[in-house]
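Colleague: Could you take a close look at a single part of this model and explain how it fits into the whole?

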Amino acid sequence: MNHNLLKQLTPEWTLFLDRDGVINERPLNDYVRSEKEFKFLPGVLQALKKVDDVFNRIIVVTNQQGVGKGLMGREDVERIHLLMRESIGAAGGRINAVYYCPDLAETANNCRKPGTKMAEWAKQDFPEIDFGKSVMIGDTDSDMAFGRNLGMYNIMITNEKQHPLADACFISLADFVEKLFSN
């Protein structure tokens, strides 16, 4: 990791987070379909509280193809996001906005990562966002390609030591935040 990243972070920086596998447990070959299935990963609530003062904006961008497949409705996803934001807020952190794409991967002109439509929506809502002063944290190749497509600093959540599209790799969001503040 660039050990000077924390020194570079100023209030202009934005943190983009994937949801499943970064904030909450990712079900194996399935989708989080309801609030009761949504389970925070260890240390996430504390990590988001810690970065609250570091980033001006914290934004979740998540592919939710289960909606397009008819496995859950938009209302289900929005209830999950409300629970997520309320829980993070109660723990002292925040999420400024959540953008999700319900499209199927095979849908033409879809809004899914690695495409940049969700980032463009965020920029419409927060015109001050500078993608060159943004960090993308995700756990898939499409998350890393999304960040690369926008010129962001990429953090991959993985057990691997490196990833070709990532600037740095960590085993969890909590691990990244701990190392960010220890440097």
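Modeller: Reading from the N terminus, the elements of the chain follow the order α-β-α-β-α-α-β-α-β-α-β-β-α. In total there are seven helices and six strands, these being DSSP runs numbered from the N terminus (helices H or I, at least four residues; strands E, at least two). The model is predicted, so local features need pLDDT of at least 70 and side-chain atom pairs pLDDT 80 or more, while totals for chains, interfaces and linings use all residues. Residues are numbered from 1 along each chain as its sequence is written, and side-chain values use heavy atoms, without hydrogens or water.

The part I have chosen is helix H2, which covers residues 44-51. Its residues Val44, Ala47, Leu48 and Val51 are buried, that is, under 20% relative accessible area with a 1.4 Å probe and protein chains only (exposed is over 50%, partly exposed in between). Viewed down the axis of H2, these buried residues fall within an arc of 95 degrees, so they line one face of the helix; the arc is that of the directions from the helix axis to the C-beta atoms. The partners of the buried residues are two strands, E1 (14-17) and E2 (57-63), and two helices, H4 (74-90) and H7 (173-182), contact meaning heavy atoms within 4.5 Å.

As for the setting of H2, buried residues account for 50% of the 183 residues in the chain. Of the contacts between residues at least 6 apart in sequence, 60% join residues at least 24 apart. The C-alpha trace spans about 45 × 35 × 35 Å along its principal axes.
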